[in-house]
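Work through the exercises below with the sequence and the model at hand. Try each task before reading its solution.

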Amino acid sequence: MNNKRCDFLTEDLTLKKQHRKFSRLIIIQRTILITIGALLMATGLEIFLIPNHVIDGGITGISIMLSHVTGIKLGIFLFLLNLPFVYLGYKQFGKTFAISIIYGIVMLSIFATYFHPIPPFTEDILLATIFGGIFLGVGVGIVIRNGGALDGTEILSIVISKKVPFSVGEIVMFINLFILGSAGFIYTWDRAMYSILAYVIAAKAIDIVITGMDETKSVWIISEEAREIGDAINNRLGRGVTYLHGEGAFTGDDKKVIFCIITRLEEFKLTTIVEEIDPSSFLAIANIAEVRGGRFKKRNIH
């Protein structure tokens, strides 16, 4: 799991502390989406990865190896090994998050048990790794976006990060590299390398689900021609802008700052507009994970 995924989960868990009450419609929607996420993850595991001796990271990876060694069904280990982290999640982040975890893990365990007798879609190890990683990542991403989790490693890493000088992403990466490397002793070393590849693919798929296919960017522009640039962005790009008032720390001069939200595909056109009007302006562009509310929907420009 990479930093974007961890940051999104950390932020969502912080919101859980506020104990907000959700409407029945939102609860039903989240329940359906967490179910779909668990279904996709179970598909990636039982239909693609596990039959080809490729594992995932975290508690899921440990469960897969224990199931292989003992012959006990994967769903049982998924449920039992995640139980302590459900309690940890309840103590740290509240009842709503714990319920979401319990439901997600139970559904994952049921789906994994149900899918176990189904033969793999492919025995080509590379295809299984790629598509297994995609299914896995999309499923986990959907669950995270809806306030749940399917692996206790994420919760443990968030708690540990409060006591050590490492980020959540760094802790998860260390844990998963250790687990994925252990696959070489259980299976073979080439399967361990395929497991790392599946993990990387899953992490990228999670990013796409969380941030979206069309990445959103925030833009800050400081220019003496702020009004003209703002009008051009509004008229030529179809994006609304907000004017902020700033003050230069060194000169003390008043500055007008332009703030707006664009998509990745609009970045080139925006920078062209700014360069045409004021080549000496200050321009900063950053990726953002999510945009809600306001008037972000683009107007049709003729």
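Which side chain meets that of Glu276 in a salt bridge? The side chain of Arg236 does, at 3.2 Å, N to O. A salt bridge here is a side-chain nitrogen of Lys or Arg within 4 Å of a carboxyl oxygen of Asp or Glu.

The model is predicted: local features need pLDDT of at least 70, side-chain atom pairs count only at pLDDT 80 or more, and totals for chains, interfaces and linings use all residues. Residues are numbered from 1 along each chain as its sequence is written, and side-chain values use heavy atoms, with hydrogens and water left out.

**Exercise 1. Place the salt bridges.**

Task: Locate the partners of three salt bridges and give their exposure.

Solution.
- Step 1. Return to Glu276 and Arg236. Glu276 lies in helix H11 and Arg236 in helix H10, so the pair ties together parts that are 40 residues apart in sequence. Helices (H or I, at least four residues) and strands (E, at least two) are DSSP runs, numbered from the N terminus.
- Step 2. Check exposure. Buried means under 20% relative accessible area, exposed over 50%, partly exposed in between (1.4 Å probe, protein chains only). Glu276 is exposed at 51%, and Arg236 is partly exposed at 37%.
- Step 3. Turn to Lys255 and Glu224. Their closest N and O atoms are 3.8 Å apart. Lys255 sits in strand E3 and Glu224 in the loop between E1 and H10, 31 residues apart. Lys255 is partly exposed at 28%, while Glu224 is exposed at 66%.
- Step 4. Add Glu266 and Arg239. The closest N and O atoms of this salt bridge are 3.0 Å apart. Glu266 belongs to the loop between E3 and H11, Arg239 to the loop between H10 and E2, 27 residues apart. Both residues are buried.
- Step 5. Put them in context. The whole structure holds five salt bridges.

**Exercise 2. Find the buried face of H10.**

Task: Determine the span of H10 and where its buried residues point.

Solution.
- Step 1. Take the span. H10 covers residues 226-237, 12 residues in total. From first C-alpha to last it reaches 15 Å, close to the 16 Å expected at 1.5 Å a residue. The expected span is 1.5 Å times one less than the number of residues.
- Step 2. List the buried residues. They are Ala226, Ile229, Gly230, Ala232, Ile233 and Leu237.
- Step 3. Look down the axis. The buried residues fall within an arc of 160 degrees, so they line one face of H10. The arc is that of the directions from the helix axis to the C-beta atoms.
- Step 4. Recall the geometry. An α-helix has 3.6 residues a turn, so residues three or four places apart point the same way.
- Step 5. Name the packing partners. The buried residues of H10 pack against strands E1 (216-222), E2 (242-247) and E3 (254-263), and against helix H11 (267-277). Contact means heavy atoms within 4.5 Å.
- Step 6. Step past the end. Gly238, just after H10, takes a positive phi of about 80 degrees.

**Exercise 3. Map the nonpolar cores.**

Task: Describe the largest nonpolar core and the core that lies apart from it.

Solution.
- Step 1. Fix the term. A nonpolar core is a set of buried Ala, Val, Leu, Ile, Met, Phe, Trp, Tyr and Cys residues joined through side-chain atoms within 4.5 Å.
- Step 2. Find the hubs. The largest core has 37 residues, of which Met41, Leu45, Ile55, Ile64 and Leu108 touch the most other members.
- Step 3. Trace the sources. Elements giving two or more residues include H2 (24-49), H3 and H5 (95-115). H2 gives the largest share, eight residues.
- Step 4. Separate the other core. Apart from the largest one lies a core of 11 residues, among them Ile221, Ile229, Leu237 and Ile258.

**Exercise 4. Examine Ser67 and His53.**

Task: Characterise one residue in a helix and one in a loop.

Solution.
- Step 1. Ser67 is in helix H3 (residues 58-70). Its relative accessibility is 14%, so Ser67 counts as buried.
- Step 2. A polar atom of the Ser67 side chain lies 2.6 Å from the backbone oxygen of Ile72.
- Step 3. His53 is in the loop between H2 and H3. Its phi is positive, about 60 degrees, although His53 is not a glycine. Most residues other than glycine have a negative phi.
- Step 4. At 34% relative accessibility, His53 is partly exposed.

Definitions and conventions:
A polar contact is a pair of N or O atoms within 3.5 Å; within protein, one must be able to donate a hydrogen and the other to accept it, and residues adjacent in sequence count only if both atoms are side-chain atoms.
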